[in-house]
Amino acid sequence: MKTLTHLFVLLAGCACLHAESPAPTTPAPKAAHGQETELHDTMDEMRGAFKKLRSQIANPDANASSLQLVARLRSASEASIPLIPEKTQLLPEADREKFVAAYVAKMKDFLAEVQKLETALKAGKNDEAASILSRLGTMQKEGHREFRPAKKD
Ligand code: HEM
């Protein structure tokens, strides 16, 4: 009888372990410092489009392709607006709301410039498009200085 009880306890223990393993009760935090975030993904998309645009913005023959790249830049910046920068969780709670509001405002300014870039390219104004693109590069540096966790640029 004693052996049977031991066996039951053992089996119950195994069943319990199996039931728990696929669904941990405490999920890992979504984006602890140093982990990649959803914002990181939309930024990666921006990087690809931005880099290619820089190489061809002055060339009117590439305008159809440039407009496709601008559309990628636009949707990645739109998608970035509601995302929360990683740095937010490193700040004291009292500062977070203001920080996120400033980030959203900057990203909306960035998006407005991207829309100007689209208009200039559609009008075949490549010189104007090139200067808007360089402004976007400046906004990138400002955005990173202010809203990214401190690391290399
Ligand atoms: C042409 C424009 C931009 C490009 C190509 C770009 C590219 C990138 C890339 C490749 C990363 C990830 C790698 C890294 O941390 O260095 C990143 C991160 C980041 N970028 Fe940008 N970025 C641009 C504009 C902006 C702007 C305008 C803002 C702010 C309004 C911004 C805010 C951030 C933040 C906060 C992160 C860190 C990710 C996180 O907090 O999860 N970026 N960016």
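The exercises below work through a predicted model of one chain, each with a stepwise solution.

Residues are numbered from 1 along each chain as its sequence is written. Because the model is predicted, local features need pLDDT of at least 70 and side-chain atom pairs count only at pLDDT 80 or more, while totals for chains, interfaces and linings use all residues.

**Exercise 1. Determine which stretches have pLDDT under 50 or below 50.**

Step 1. Begin with the chain as a whole: pLDDT, the predictor's confidence in each residue from 0 to 100, averages 84, and 76% of the residues score at least 70.

Step 2. Turn to the start of the chain, where residues 1–5 stay under 50 and have 0 contacts beyond four places in sequence, a contact being two residues whose C-beta atoms, placed from the backbone, lie within 7 Å. Residues 29 and below, down to 7, form a stretch with pLDDT below 50, and this stretch has 0 contacts beyond near neighbours in sequence.

Step 3. Apply the general caution: where pLDDT is low, the predicted coordinates should not be read in detail.

**Exercise 2. Describe the secondary structure, and then follow helix α4.**

Step 1. Count the elements, which are DSSP runs numbered from the N terminus (helices H or I, at least four residues; strands E, at least two); the chain has 5 helices and 0 strands.

Step 2. Take α4 (93–122), which has 30 residues and reaches 44 Å from its first C-alpha to its last, close to the 44 Å expected at 1.5 Å a residue; the expected span is 1.5 Å times one less than the number of residues.

Step 3. List the buried residues of α4, which are Tyr 103, Met 107, Phe 110, Val 114, Leu 117, Ala 120 and Leu 121. A residue is buried if 20 or more other C-beta atoms lie within 10 Å of its own, exposed if 12 or fewer, and partly exposed in between, with C-beta atoms placed from the backbone. Their cover includes α3 (63–80) and α5.

Step 4. Look beyond the helix: α4 is followed by Gly 124, whose phi is positive, near 70°.

**Exercise 3. Identify the members of the largest nonpolar core that touch the most other members.**

Step 1. A nonpolar core is a set of buried Ala, Val, Leu, Ile, Met, Phe, Trp, Tyr and Cys residues joined through C-beta atoms within 7 Å. The largest has 20 residues, of which Leu 73, Leu 117, Ala 129 and Leu 133 touch the most other members.

Step 2. Assign the core to its elements: α2, α3, α4 and α5 each give two or more residues, and the largest share, 7 residues, comes from α4.

Step 3. Examine Ala 129, which, leaving aside neighbours within four places in sequence, is in contact with Ile 57, Leu 117, Ala 120 and Leu 121.

**Exercise 4. Decide whether Met 46 and Glu 142 are buried, partly exposed or exposed.**

Step 1. Met 46, in helix α2, is buried because 21 other C-beta atoms lie within 10 Å. Beyond four places in sequence, Met 46 touches Leu 73, Ala 76 and Ser 77.

Step 2. Glu 142, in helix α5, counts as partly exposed because there are 13 C-beta neighbours inside 10 Å.

**Exercise 5. Characterise the shell around the ligand.**

Step 1. The shell holds 22 residues, the closest being Thr 37, Met 43, Pro 85, Glu 86 and Gly 143; a residue is near if its C-beta atom, placed from the backbone, lies within 6 Å.

Step 2. The largest share, 7 residues, comes from α2.
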